[in-house]
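Trainee: Could you take me slowly through one part of this model, and then follow its connections outward to the rest of the chain? I would like to see how each statement rests on what can be computed from the atoms.

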Amino acid sequence: MVKSPQDCRTMAEVREGVDALDRELVRLLVRRQGYMDAAARIKPSREAVYDADRIEDVVSKVLVEARAQGLSADIAEPVWRLLIERCIAHEFDRWDATREKRSA
């Protein structure tokens with residue numbers, strides 16, 4: 001049983017908790033990637049993949065939620081900006097691959 005952070009007494013317990021959370025985060029990121037795959041399938045043009053207004057909207061919403069949940073903005077903002085950047089790159093790859101299959 002993974003202990004909550006406040007109940008940890010050893011670094012082994014801390015590491016066990018972090019490793020468990022990392023596995024959970026991977027599962028959530030797989031779901032997020034699925035939405036990027038769907039967006040690549042749905043968006044009508046390659047130019048629609050990058051949307052600066054949407055990026056700022058997502059970051060703004062994340063910062064509100066981070067504040068409400070007690071997550072440091074110094075962690076949340078750079079993590080989400082990098083996540084968004086990599087998701088956009090993935091979406092471009094998927095958009096291209098989807099269109100290549102259609103034209104083949």
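Mentor: Let us begin with D51, which is found in the loop between α1 and α2, and keep in mind throughout that this is a predicted model. With a relative accessibility of 35%, D51 counts as partly exposed, because that class takes in what lies between the buried limit of under 20% and the exposed limit of over 50%. D51 caps the N-terminal end of α2, since one of its side-chain oxygens lies 3.2 Å from the backbone nitrogen of D53. There is also a relation to a part of the chain further along: D51 and I88 are 37 residues apart along the chain, and their C-alpha atoms are separated by 9.3 Å.

From the cap we can step into the helix itself. Helix α2 covers residues 52–69, and its 18 residues should span 26 Å at 1.5 Å a residue; the C-alpha atoms at its two ends are 26 Å apart, which agrees with that expectation. The buried residues of α2 are I55, V58, V59, V62, L63 and A66. These residues cover an arc of only 135° around the axis, and therefore they sit on the same side of α2. The spacing in such a list has a simple background, because an α-helix has 3.6 residues a turn, so residues three or four places apart point the same way. On the other side of α2 we find D53, R67 and A68, which are exposed. After the helix comes G70, whose phi is positive, near 90°.

One of the buried residues, V58, leads us on to the next helix. I84 lies in helix α3, which runs over residues 73–103, and at 7% relative accessibility I84 counts as buried. Although I84 and V58 are 26 residues apart along the chain, their C-alpha atoms are separated by 8.7 Å.

Charged side chains also connect α2 with α3. The side chains of E56 and R81 meet in a salt bridge, with 2.9 Å from N to O. Because E56 lies in helix α2 and R81 in helix α3, this pair ties together parts that are 25 residues apart in sequence. E56 counts as partly exposed at 41% relative accessibility, and R81 counts as partly exposed at 30%. Within α2's stretch of the numbering, R54, D57 and K61 are linked in a network of salt bridges.

Now return to the loop where we started, and consider R46. R46 forms a salt bridge with D96, and the closest N and O atoms of the two are 2.7 Å apart. The pair links distant parts of the chain, for R46 is in the loop between α1 and α2 while D96 is in helix α3, 50 residues apart. In terms of cover, R46 counts as partly exposed at 35% relative accessibility, and D96 counts as partly exposed at 24%.

On the other side of the loop in sequence is α1, which has 32 residues and reaches 46 Å from its first C-alpha to its last, close to the 46 Å expected at 1.5 Å a residue. L29 has its place in this helix, and with a relative accessible area of 41% L29 is partly exposed. Between the C-alpha atoms of L29 and R46 the distance is 23 Å, while the two are 17 residues apart in sequence. The buried residues in α1 include E13, G17 and A20, as well as M36 and A38.

E13 deserves a second look, because at 16% relative accessibility this residue counts as buried and yet takes part in a salt bridge with K3, where the closest N and O atoms are 2.8 Å apart. K3 lies in the segment before α1 and E13 in helix α1, so the pair ties together parts that are 10 residues apart in sequence. K3 itself counts as partly exposed, at 38% relative accessibility. A search of the whole structure finds 7 salt bridges.

Finally, α1 also contributes nonpolar surface. V18 lies in this helix, residues 11–42, and counts as partly exposed at 41% relative accessibility. Together M11, V14 and V18 make a nonpolar surface patch of about 230 Å².

Note on methods: Residues are numbered from 1 along each chain as its sequence is written. This is a predicted model: local features need pLDDT of at least 70, side-chain atom pairs count only at pLDDT 80 or more; totals for chains, interfaces and linings use all residues. Side-chain values use heavy atoms; hydrogens and water are left out. Patches are made of residues with over 30% relative accessible area and no salt bridge: like charges are joined within 9 Å, nonpolar side chains (Val, Leu, Ile, Met, Phe, Trp, Tyr) within 5 Å. Accessible areas come from the Shrake-Rupley method with a 1.4 Å probe; for residues, only the protein chains shown count as cover. A salt bridge is a side-chain nitrogen of Lys or Arg within 4 Å of a carboxyl oxygen of Asp or Glu. Helices (H or I, at least four residues) and strands (E, at least two) are DSSP runs, numbered from the N terminus. Buried means under 20% relative accessible area, exposed over 50%, partly exposed in between (1.4 Å probe, protein chains only). The expected span of a helix is 1.5 Å times one less than its number of residues. The arc is that of the directions from the helix axis to the C-beta atoms. A polar contact is a pair of N or O atoms within 3.5 Å; within protein, one must be able to donate a hydrogen and the other to accept it, and residues adjacent in sequence count only if both atoms are side-chain atoms.
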